Amino acid sequence: MLRALALALCLLSSPLAAEEVVADLSKDEVAITANFDGSDILIYGAVKRDAPAAADPMQVIITVAGPKQEVNVRKKDWRYGIWVNTSAVEVDAAPSFYAVASSGALSDVLTETEDLRHGISIPRAIRSVGAPSDVENATEFTEALIRIRTKKNLYQQLDNTVNLFDETLFSTTIDLPANLVEGPYDTHIFLVRNGVIVDDYATVINVNKVGLERWIYDLAHQKPLIYGLLSLFIAIAAGWMASAVFRYIRF
Amino acid sequence: MQIYLPIAEVSVNAFLLLGLGGIVGILSGMFGVGGGFLMTPLLFFIGIPPAVAVATEANQIVASSFSGVLAHFKRRTVDLKMGVVLLIGGLTGAAIGVQVFTILREMGQVDLLVKLCYVVFLGIIGGLMFFESLRAIRRSKSPTSVPVRKKHGFVHALPFKVKFRTSGLYISVIPPLVVGLFVGILAAIMGVGGGFIMVPAMIYILGMPTKVVIGTSLFQIIFVTAFTTLLHATTNYTVDMALAVLLLVGGVVGAQIGTRIGVKLKAEQLRILLSLMVIGVCAKLALDLLIEPSELFSLGAGGH
């Protein structure tokens, strides 16, 4: 339904586009179960044309972005002989997960202005409105955010990973790590010619906790007192049981 | 086997958690400490968000303390009367501690203060216990020296004297109340049960026998940490049941084993081991503050 709507919007917004992306995902729901340890998503599709393809080479960029969050980036400094947090920058909206796959090197595929306009490369996907005036080097903080999340595989720049066949068919695999946050993951497929985006196909991957995970999470947020008492009950029952078992086996 | 924790929203190895729970449980049973001062930093280290680690750890301490205290009840090494007096002080202290914590957070730098608290208290207590136990061991090895008579300090000059039969003490209720209160405040600020402060305080300030100290400390810790768990669950939603269950399965088994090891060891040996462990954790935390970290930046949840 959502995808159909997105497609319809796409069609309406660009009636003059000569080229159009048609795409699908291997799955548009990711269920977080108790033993969830990441998920691979295959994104594939084709380019629909009314006229013969233009002469200049076509490129495809695929982005997957998790829910945006506020992040507080802190920096340590040497003060009075010990390392303490001295300055902090609030990044207004950073996706909890971000992968950008492209058919070539991203810096070659896309021009700087297009990147700025659509927020495609990792630094551009993060929005940081303003650092406090007492912080000297604010870009250092967003760089640190990217560095830390890239290390955890939460930010991925995947150059040359979109397979392109005959300027028509394309496919790529996005590897979602285990440490996912719940929510809608906005997925975009951009068609690029000459460094300029000519078409944009948007869809959503829904990441949700299911089963026991869902039940625990809901209980903790909707009935916190019962949840707290239940946690204590489990703790005391387990403590008592271990004691009883050990008394029985007379260790 | 990887397991996804519903509240912490991270995926960790289930066996790692069981093992950590087990090791900390053994120590908890042996020394009568909740193990929070060890487990909480360990949980940070494996990537559990600090807020979740602190809250869930409180829940886990309830389980391992309960398991441990039952073994002590069976052995009649719990001074219930003393426990209740300490508890009254402890709950009052915890309530005050939460207020202090809120004020500190508004001032900023609460992380640093908590760490400094750890380093200072663990350092002082570990050091004192270590040298005291060394002296005790040396004394017992040279039979010629006369054992020192128990000192009658200020503790015995206070009013409201009560008989604590299990501990064999006839002292005022004021010192245990003050000890409970002080430990309660620190426990709330540092996010631990407070056993590692309580145990030495009971031995050195109140003059309780070591064997009774452990059971009584566990008894008091159960109630203080249960109170903390409920507080965290209802205000911050940070108690992770799945994490707690894994930790406590390891923890309760460990606590049973630890209690039995503790009975077999001599009091001095027990104290020297506990002091070494406390000094170890203190040194690790102090080094973290002193040595330049490889990553100067850290990420925290936003919001004002």
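Two strands are taken to pair if DSSP finds at least two bridges between them. Strands themselves (E, at least two residues) and helices (H or I, at least four) are DSSP runs, numbered from the N terminus. The model on display is predicted: local features need pLDDT of at least 70 and side-chain atom pairs count only at pLDDT 80 or more, whereas totals for chains, interfaces and linings use all residues. Residues are numbered from 1 along each chain as its sequence is written, and chains are lettered from A and ligands numbered from 1 in the order in which they are written.

**First stop: the sheet of chain A**

Select strand 7 (residues 98-102) and strand 8 of chain A, which run parallel and are joined by four bridges. Within this pair, A:A101 stands opposite A:L158 of strand 8. Extend the selection to the open sheet of six strands, whose order in chain A is 2-12-11-4-7-8, with mixed pairing. Strand 2 (29-32) and strand 8 (155-158) of chain A are its edges, each pairing on one side only. Neighbouring strands of this sheet are turned by 15° against each other on average, direction ignored, where the axes are lines fitted to C-alpha atoms.

**Second stop: where the chains meet**

Display both chains: 47 residues of chain A are in contact with 49 residues of chain B, contact meaning C-beta atoms, placed from the backbone, within 7 Å. Elements giving two or more residues to the chain A side include strand 5 (68-79), strand 6 (82-95) and helix 7 (224-249) of chain A. Helix 7 of chain A gives the most, with 15 residues.

**Third stop: B:Y237**

Centre on B:Y237, in the loop between helix 8 (210-235) and helix 9 (241-264) of chain B. Is B:Y237 buried, exposed or partly exposed? It counts as partly exposed because it has 19 C-beta neighbours inside 10 Å; 20 or more would make a residue buried, and 12 or fewer exposed. Neighbours within four places in sequence aside, B:Y237 is in contact with A:A220, A:H221 and A:P224. Select B:I7 as well: B:Y237 and B:I7 are 230 residues apart in sequence, yet 8.1 Å apart in space, C-alpha to C-alpha.

**Last stop: the nonpolar core**

A nonpolar core is a set of buried Ala, Val, Leu, Ile, Met, Phe, Trp, Tyr and Cys residues joined through C-beta atoms within 7 Å. The largest one has 146 residues, and those with the most contacts inside it are A:I61, B:L5, B:L243 and B:L248. Finish at B:L248, which touches residues of both chains, among them A:A235, A:A238, B:G21 and B:Q60.

Conventions: Contact = placed C-beta atoms within 7 Å. Axes fitted to C-alpha atoms, helices over the stretch in contact; angles between N-to-C directions.
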